[in-house]
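Let's take a walk through this structure together, one piece at a time. Have the sequence and the 3D view at hand as you read.

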Amino acid sequence: MLAPALTTIRLGLHVLGAAVWVGGQLVLVGLLPSARRMQAEGPRALARAFARMAWPAYAVLVATGIWNITALHPSQQGTAWKAVLGVKLAVVLVAGVASFAHTRATARAWVAIWGSVAGLGSVAALFMGILLAGP
Ligand code: HEM
């Protein structure tokens with residue numbers, strides 16, 4: 001059976017946001033060595049260009065995430081579902097804050113630490129999203 005049109009739009013936009021925010025971070029890490037070889041300023045320019053796409057994607061995730069919650073009526077969901085949602089929201093917030101701190105950090109160690117927290121948190125949020133979507 002096919003999903004209803006509105007559900008397709010809601011989940012399609014949410015997954016598109018996740019593809020850019022999470023997938024973009026992973027791809028960026030893979031591109032960095034080549035960018036560094038091309039030009040000393042390459043990684044910085046690449047990161048700035050990615051940020052211009054990633055933050056709108058984060059906003060889409062939050063907006064469609066709220067839409068997801070209203071569509072799924074949390075009052076009708078079980079305790080485990082609500083617990084995973086709570087943890088996911090905390091992880092999304094941590095990933096967002098870490099991402100911001102990553103762009104502001106100057107010391108190499110902090111750039112790496114905040115970048116790792118942002119990446120791991122975003123991947124964890126993605127898996128928790130699959131959990132919430134159910135069978
Ligand atoms: C880093 C940010 C986020 C990522 C990577 C992410 C990823 C995902 C993914 C991949 C799904 C599964 C979609 C599917 O297969 O049907 C999902 C579902 C869901 N997400 Fe997110 N999400 C994020 C942020 C949020 C936020 C901020 C909220 C709430 C405000 C939220 C609430 C939900 C809910 C309730 C579902 C279940 C939707 C359904 O089954 O209809 N997500 N998420």
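A good place to start is the packing of one helix against another: the buried residues of α2 pack against α1. Which residues of α2 are the buried ones? They are A54, L61, T64 and G65. Look at the spacing along the helix while you are there. An α-helix has 3.6 residues a turn, so residues three or four places apart point the same way.

Before going further, keep in mind that what you are looking at is a predicted model. The predictor's confidence averages a pLDDT of 97 over the chain, and 100% of the residues score at least 70. Confidence is lowest in α2, though the mean there is still 96, and highest in α3, at 98.

Now step back and take in the whole chain. It has 4 helices and 0 strands, so if you follow the elements from the N terminus on, the order you read is simply α-α-α-α. Measured out along its principal axes, the C-alpha trace spans about 55 × 30 × 20 Å. Of the 135 residues in the chain, 16% are buried. Among the contacts with a separation of 6 or more, 68% are between residues 24 or more positions apart.

Back to α2, which covers residues 42-72. How far apart are the end C-alpha atoms of α2? They are 44 Å apart, which agrees with the 45 Å that its 31 residues should span at 1.5 Å a residue. Even so, α2 has a bend in it, of about 30° at A51.

Just after α2 comes H73, in the loop between α2 and α3. The phi of H73 is near 45°, a positive value in a residue other than glycine. Why is that worth a second look? Most residues other than glycine have a negative phi. Is H73 buried or exposed? H73 counts as exposed because it has 8 C-beta neighbours inside 10 Å, and the cut-off for exposed is 12 or fewer.

Past that loop you reach α3, which runs over residues 79-104 and has 26 residues. From its first C-alpha to its last, α3 reaches 38 Å, close to the 38 Å expected at 1.5 Å a residue. The buried residues here are L85, V92, A95, A98, S99 and H102. What do the buried residues of α3 pack against? Their partner is α4, at residues 108-133.

For a stop in α1, find L11. L11 counts as partly exposed because 17 C-beta neighbours lie inside 10 Å, while a residue needs 20 or more to be buried. Try tracing from L11 to G42 as well: the two are 31 residues apart in sequence and 35 Å apart in space, C-alpha to C-alpha.

Last comes the ligand. How many residues surround the ligand? There are 24, and the closest are A18, G65, N68, G129 and A133. You have met G65 already, as one of the buried residues of α2. The shell around the ligand draws on α1, α2, α3 and α4, each of which supplies at least two residues. α2 gives the most, with 8 residues. As for the character of this shell, its residues divide into 19 nonpolar, 5 polar and no charged.

How values were computed:
Residues are numbered from 1 along each chain as its sequence is written. This is a predicted model: local features need pLDDT of at least 70, side-chain atom pairs count only at pLDDT 80 or more; totals for chains, interfaces and linings use all residues. The expected span of a helix is 1.5 Å times one less than its number of residues. Two residues are in contact if their C-beta atoms, placed from the backbone, lie within 7 Å. A residue is near a molecule or strand if its C-beta atom, placed from the backbone, lies within 6 Å of it. Ala, Val, Leu, Ile, Met, Phe, Trp, Tyr, Cys and Pro count as nonpolar, Asp, Glu, Lys and Arg as charged, and the others, Gly among them, as polar. The bend at a residue is the angle between axes fitted to the seven residues ending there and the seven starting there. pLDDT is the predictor's confidence in each residue, from 0 to 100.
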